[in-house]
Amino acid sequence: MSAVAIEAVSKSFRQHLAVDNLSLQVPRGSIYGFIGPNGSGKTTTLRMIMRIFYPDAGVIRVLDEANRPRPSILDRVAYLPEERGLYKQMGVREVLRFYAELKGFRNSRADIDAWLKRMDLLAWADKKVQTLSKGMAQKVQFIATVIARPELILLDEPFSGLDPVNAETLRDAILELRRDGATIVFSTHDMSVAENLCDFIFMIYKGRKVLDGTLESIQDAYGNDTVRVHLDGTARFDDLPGVAKVTDLGRAQELRLAPEADTQEILAELMRRGRVRHFEIGRPTLHDIFVRIASPEETNHA
Amino acid sequence: MRKMFVVALREYFAAVRTKSFLVTLIIMPVLMSGSILMQWLLRDYHDTKTKRFAIVDRTAGARLYPSIESTIQHYNEHTIDPATKKPILPRFEIEQIPASASDSDAVAEQRLELSQRVHKGELFGFLDIGAEVLQPPSDATGRPKKVVRYQSNRPTNLDFPHLIEEPILFAIQELRFERERVREPMSKLRAILRPVPIEAMGLTRRNPANGAIEDASLQSRIAPVAVPIGFMLLMFMVIMMTATPMMQGVVEEKMQRIAEVLLGSVRPFDLMLGKLLGMTAVSLTITTVYLGGAYWAAQEYGFAEYIPPELLAWFVVFQSLAALMYGSLFIAVGAACTDMKETQNLMWPVMLLAMMPMFLMSSVLQEPNSVVATTFSFVPFSTPMLMILRQSVPPGVPWWQPLLGVVLVLLTTLLCVWAAGRIFRVGLLMQGKGAKLGEMLRWVFRS
C-alpha cells in the first residue's frame, strides 16, 4: 500500500509548467529521496502532497484516504519547509507545543522533552527561538515537524546547513522514525545522503520525472560505463579512445565510456601517458547521473 | 474549529505577553492626555522678552493713543513679580507712528514700511486705527466695516491686541458720546452699555437622592463632548494598536516561511479566522482596561451618568465588529506583501477608510442627527466609530439606527472576511514580489 500515490499530476503557475504529468508511488515505511536541480518542481510536489497547492490535473492520494480528500488527513502528515518556519519571538518549548496542538496532538510535554533531550537542546527549552543558532533552529524545526507522531513526513532540504554531528543526529532520528513505521520523503542536494539513506530515489527535472527507483536499479540502467583513474603527476586526458567525457575531480579523474568502448585499450593508452595508480571500472555515481541529466552541455542522457 | 482556537490563543498571547504591549497600553493614554497636560503645566509660563509695537492712530488728533499708552503703562507695572522681582509677563513697548496721508496709496505704503520693520524684527507687530473708527461706514449688508487692524507675522500670539481691545473700545465710546453731546457721566453710560455674554451650560436636574434641584454642573458641560470624542478615539486607537501588529505578524509568517508549516496543518480560512479572533480578543482586552479605567474615573468625578451601561455594551459590540472588519482588511494587506516596506503602499486605502470618521468628527458632534451625519454613520466602514459618536451625544439616536448599523457592518464584515480569506490563501505562499491592489482584487474574484 502506498503512503503517497501521485497519478498524472500537473501544476502550472501562470505560464510556467512546474510539474508535468507526474506519477509516483511512495511505499509505506520507505525513505524516498527527491533530487533535482533548483526550480525543477521538488518543492511544488511536496506542497501539493501537503494540500498547500492543488494540482491542475491528476490526483494525489495520501495514506489510506479514499478518493475524496479529507482535511483531517493533514494531522497524520507533517512538513518541514526549507529553512526557517518558526516564530522567532516564541520560546522553544512553547512553539513546539503550538505545532503539536495544530496537528491535534495534546499533552505533548513529555514527547517534547524527550526530543529536546535527544537533540541536545534541553538547555534551550525556555529560550526564545531567535536566540538559537542556525543549526539549533533547524533541529527545533525538525522536532516541530515530527512532534505529533505523523505517519508521513515530508522534509524539504532537512540536511542543509547542518554540521556533520548534527547531520548524523538527524539521520539517526530519521532512521528511527522509519523503524517506528513512518514513511519519509525528503528532498536533498546532497547526493551521498541520497545514496546512503534512501530506499528509493526520484529525480525530477523541468517538472518531469527522469529517474525513479532504487539506487541499484538506477545505476543498472546506466551499466558499467564509468572508469575512475588516478595517475601520478600530470597527464593529458584528451583524445582517449572510446571515452565520451572526462570529469576532472582534481586528484582523480572520471571517464565516461562511449558505447562499446574497450577498457583495455584505454588502460594501455593511459599507461603510455603516465604512471597509473588506480584504475576502476564501475557504475556511475548518483552525482554523475544527476549531472549527466541536468547539466546544460549534456545532450545524450539515458 | 479546534485548530482555529489554537491559532487564536497563540495570536492572543503572542500579542498580550510582549513588553511592547504593556508599554503601549500605558503610553497611549499618556500621549493622548499628554498635550492637555503639557498645556496645563505650561499655563503660567510666558515668554518674558520685551515686545515692541507700533501704533498708527489715524483719528483726528490721534485721540485714542493716550488710552493705549496708559493701558500699556499700567500693564507693564505688573509684569514683574513683586516678591521675586522676576519678570512673569513680557514688557510691552509702544511707539507712536504719525499717520500718513489718508489716500489709500499712502496708507498702503506706510503699512508696507511697518510690515518690513516687523519682518526685520524691530517690531513684534503694529496696530493701525482707521480714521473712520468713530463712525465706521457700513458695508453692503449693513454691518460696520472693520477699521482697526493688528498686523504681525506671529498671528497666534494675540496677547497685545487682546490687552488693548477693551480700552480702545471704551475710548472710542467716550469720543462717540462726546460727538453726540451725550452729557451723562461716563460711569453711568458704561453700566448701561455693559456687554451681556451668554454662558453655555448643560441641563438643570433634580437630584434623585435628596430631591433637590441641582444646577447644571461643570461635568454636564464637558461630558457631552468629552465622552463621544473619547469613545471614538478609543475605538480608532484600539484598531490601530491591534490590527497593525497582526498585519506585521502575517508578513513575518510569510518571510519566515511559517505560513507553509501552518498551512500544512490548518486550512487557510481557519488560520485567518483564528488570527481575527485572537486580534478581537486583544482589542477587547485593551477596551476593558481603558473603559474600566474610564468608568472608574467617571464614578469618581461625577461623570457616570454620561457613560450608561447600554452605551458601553454598544461600544463593545461595535468595537468587536470593527476589529473583525478592519482586521480582515489589514490581514489581506499583510498577506499580499512580502516585506514590511511594501505594506506602507497598500496601507493607505485602508487607513483612509479608518480615518474617514475622524474627518467627520467635529461636524457630527455639532449635528449628530443631521442628514449628513446619519448617512455617513450607515457607511459600514464608518459605522462603528460614527454610530458610537452619535449615540453618546445626548440625546442619542433612534433605537433602530444602531441595530441597522450593526446589521450592515456585520454583512460588510462577512464580505471583508470572505474576500480577505481569498487574498490570504493566494498571498500567503507568494514570495518575491508584493501584489498590487488590482492583483488582490483579481485574487478575490478568480474562480
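Reader: If angles under 35 degrees count as roughly parallel, over 145 as roughly antiparallel, 65 to 115 as roughly perpendicular and the rest as oblique, which of these describes H10(B) and H13(B)?

Author: In this predicted model, local features need pLDDT of at least 70 and side-chain atom pairs pLDDT 80 or more, while totals for chains, interfaces and linings use all residues. Residues are numbered from 1 along each chain as its sequence is written, and chains are lettered from A and ligands numbered from 1 in the order in which they are written. The axes of helix H10 (residues 309–336) and helix H13 (residues 383–392) of chain B cross at roughly 170° and come within 9 Å, and the two helices are therefore roughly antiparallel. Axes are lines fitted to C-alpha atoms, for helices over the stretch in contact, with angles from 0 to 180 degrees between N-to-C directions; helices (H or I, at least four residues) and strands (E, at least two) are DSSP runs numbered from the N terminus.

Reader: Which residues make the contact?

Author: Counting C-beta atoms, placed from the backbone, within 7 Å as a contact, H10(B) contributes residues including B:Trp314, B:Phe315 and B:Phe318, and H13(B) residues including B:Met387 and B:Ile388.

Reader: Okay, new topic: is strand S3 of chain B mostly covered or exposed?

Author: S3(B), residues 125–129, is mostly covered, with five of its five residues buried, where buried means that 20 or more other C-beta atoms, placed from the backbone, lie within 10 Å of the residue's own (exposed is 12 or fewer, partly exposed in between). B:Phe126 and B:Asp128 point one way from the strand, whereas B:Gly125, B:Leu127 and B:Ile129 point the other way.

Reader: And how many bridges join S3(B) to S4 of chain B?

Author: There are five bridges between S3(B) and S4(B) (residues 148–152), which run antiparallel, and two strands pair if DSSP finds at least two bridges. Along this pairing B:Tyr150 of S4(B) is opposite B:Leu127. S3(B) also pairs with S1(B), residues 51–57, in the parallel sense over five bridges, and there B:Ala54 is opposite B:Phe126.

Reader: What is the order of the strands in the open sheet of chain A?

Author: The order of its three strands is S2-S1-S4, with antiparallel pairing; S2 (16–27) and S4 (57–62) are the edge strands, each pairing on one side only. The twist from one strand to the next averages 15°. S1(A), residues 2–13, and S4(A) are joined by five bridges, and A:Glu7 has A:Val59 as its bridge partner.

Terms used:
Contact = placed C-beta atoms within 7 Å.
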